[in-house]
Amino acid sequence: MTTEDFRSAARATADLVSDYLAELPARPVWQPMGDTARKTLLDAPLPAEGRPLGELLAAIERDVLPHPMGNGSPRFFGWVNSAPAPAGVLATLAAAAMNPSSAGGDHADIHLERAVVRWIAELVDFPHPPGGGLLTSGTSMATIVCLAAARNRAARRAGHDVREEGLAGLPPLIGYVTGETHSCVRKAAELLGLGSRHLRTVATGPDGRFDPVELGAAVERDRAAGLLPFLVVASAGTVGTGAVDEFGPIADLCEEQGLWLHVDGAYGAFGRLDPAIAHRYAGLERADSLALDPHKWLGVPVDCGCALVRDTDELRATFSLVPSYLRDEAAGALGWFSEYGTEQTRPFRALKVWATIAHRGRTGLARDIAHCTALARRLGELVEADDELELLAEVQTSIVAFRHRTTGLDGTELNALNRDLPVAVQRRGRVFVTGARFGGQEMLRACLLNAATTEEDLHLLLAEVKAAARTLLP
Ligand SMILES: *Cc1c(COP(=O)(O)O)cnc(C)c1O
């Protein structure tokens with residue numbers, strides 16, 4: 001391939017991507033793929049011979065771009081999946097062109113990752129000692145990283161070296177979560193050999209937040225039984241209702257009891273940038289670790305999570321292994337990123353983070369986030385003002401939990417209706433919303449992450465929910 005071939009294909013790619021992004025808002029948010037379109041991808045034969053770049057671009061335009069998940073649209077309210085930040089989209093290409101392994105060394109990607117991890121910590125007001133964090137594939141991985149450090153510290157304090165001995169011989173280590181805690185925490189506990197049975201689900205108030213009194217009592221009970229309480233996982237924005245735990249009393253308890261406080265801020269931590277809700281996050285900075293996702297509210301193109309820790313040495317002591325072939329003076333005093341997490345070869349995630357944050361600046365990001373939380377509160381008001389709908393939780397961040405409440409249906413029928421509603425709404429193609437269970441009830445939950453979403457889109461969302469409900473009712 002010549003330089004000119006590449007250049008002309010790159011220019012065509014830029015046009016294709018620009019057109020795609022420009023046309024998104026006018027297109028259906030999501031549509032089921034037709035059989036033929038699906039088969040074209042599923043049954044694609046392994047090519048024996050290569051094809052020119054121009055043909056590949058044409059195939060992307062014809063077979064791939066017309067079938068998005070929908071999260072690029074301002075009328076996508078599903079899960080916690082954002083539209084990509086344009087600066088991040090462009091940076092992805094440059095990062096791939098360099099294609100380093102961001103494991104360690106003296107090259108641009110390494111130093112940029114140190115800088116953007118510090119920026120992320122600054123954005124959410126989390127303390128950041130040099131080396132106190134790294135980018136990961138997402139919060140699921142960041143959680144494994146943080147909980148591994150928590151586990152090893154607890155075991156060491158009990159006179160046990162987990163890296164050497166494994167968990168055998170150690171009394172069960174007990175962690176505390178709520179019914180609203182994200183499933184990635186249980187997955188991490190299972191993978192780390194802690195056993196999901198040793199995660200205690202502590203009662204919450206009606207707002208879905210930890211009850212600190214119940215938490216304290218649970219810790220006392222486990223201590224009295226000879227077990228080793230070691231971890232509390234609080235949420236800076238639950239995935240169901242966007243609830244933010246009250247960190248102050250939880251941090252007090254953790255300090256008193258020597259427990260590691262981990263905060264799951266995957267979705268919600270960046271809400272701290274909005275002065276209207278910043279007070280909800282008081283005490284977040286007292287956590288031992290924080291997992292959060294630039295690939296959610298900041299719109300950094302997937303994948304990009306981040307693990308932040310208060311004590312750098314705990315993290316390094318958990319993961320550091322430097323075989324002789326990796327010895328490298330250029331890595332400097334902090335060593336390799338691969339000494340702080342699970343990955344050895346690591347992608348250049350930092351450039352898309354750098355571009356996304358640098359393009360908007362702290363002020364622009366704060367404005368985007370404040371726009372989302374204001375719209376979410378507005379949506380809450382619209383739901384409350386509507387007889388056919390019911391708001392199920394206070395709007396704390398930018399997730400609105402609500403359900404349809406047709407009169408004449410009993411609890412079971414209402415649950416069935418609300419369980420079927422999201423897909424019925426999605427299939428209509430005008431808006432996209434997903435569902436969940438909260439407090440034993442099936443509900444819809446609309447998540448606002450896109451600064452291009454307007455109040456008009458909120459009216460459309462509710463109109464679509466009600467229209468879809470009419471098609472489901474007998
Ligand atoms: C998305 C999410 C996770 C999982 O993060 P991934 O980036 O998908 O691995 C964990 N917790 C919460 C609250 C989330 O919203």
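By contact I mean heavy atoms within 4.5 Å. With that settled, I went through this predicted model in two passes, domains and then ligand.

**Entry 1: the two domains**

I looked up the split of the chain and got domain 1 at 93–356 and domain 2 at 363–472. Their centres, taken over C-alpha atoms, are 30 Å apart. I then pulled the contact lists: 24 residues on the domain 1 side touch 21 residues of domain 2.

Next I checked the area buried between domain 1 and domain 2, and it came out at about 1800 Å², with carbon and sulfur atoms giving 61% of that. Which residues of domain 1 lose the most area to domain 2? I found Thr 241, Tyr 267 and Trp 297, which together make up 33% of what the domain 1 side buries.

**Entry 2: polar links across the interface**

I went looking for salt bridges between the domains and the count is one. I also noted a salt bridge from Glu 394 to Arg 280, where the closest N and O atoms sit 3.1 Å apart. For polar contacts between domain 1 and domain 2, I counted nine residue pairs, with both partners at pLDDT 80 or more. Sorting the domain 1 side of this interface by class gave me 13 nonpolar, six polar and five charged residues.

**Entry 3: the ligand**

I moved on to the ligand and listed what surrounds it: 14 residues, the closest being Ser 140, Asp 264, Asp 293, His 295 and Lys 296. By class, I get five nonpolar, six polar and three charged residues in that shell.

Which distances to ligand oxygen did I write down? For Asp 293, a polar side-chain atom is 2.6 Å from an oxygen atom of the ligand. For His 295, an N or O atom of the side chain is 2.9 Å from a ligand oxygen. Thr 139 uses its backbone instead, with an N or O atom 3.0 Å from an oxygen of the ligand.

Last lookup: how much of the ligand's accessible area does the protein cover? On its own the ligand has 380 Å², and I find 85% of that covered by the protein.

Definitions and conventions:
Residues numbered from 1 in each chain as written. Predicted model: local features only at pLDDT ≥ 70, side-chain atom pairs only at ≥ 80, totals over all residues. Heavy atoms only, no water. Domains from an automatic or database assignment. Buried area = accessible area lost by both parts, 1.4 Å probe. Salt bridge = Lys/Arg side-chain N within 4 Å of Asp/Glu carboxyl O. Polar contact = N/O pair within 3.5 Å; in protein donor to acceptor, adjacent residues only side chain to side chain. Nonpolar A, V, L, I, M, F, W, Y, C, P; charged D, E, K, R; others polar. Near = heavy atom within 4 Å. Areas by Shrake-Rupley, 256 points an atom, 1.4 Å probe, with all protein chains shown as cover.
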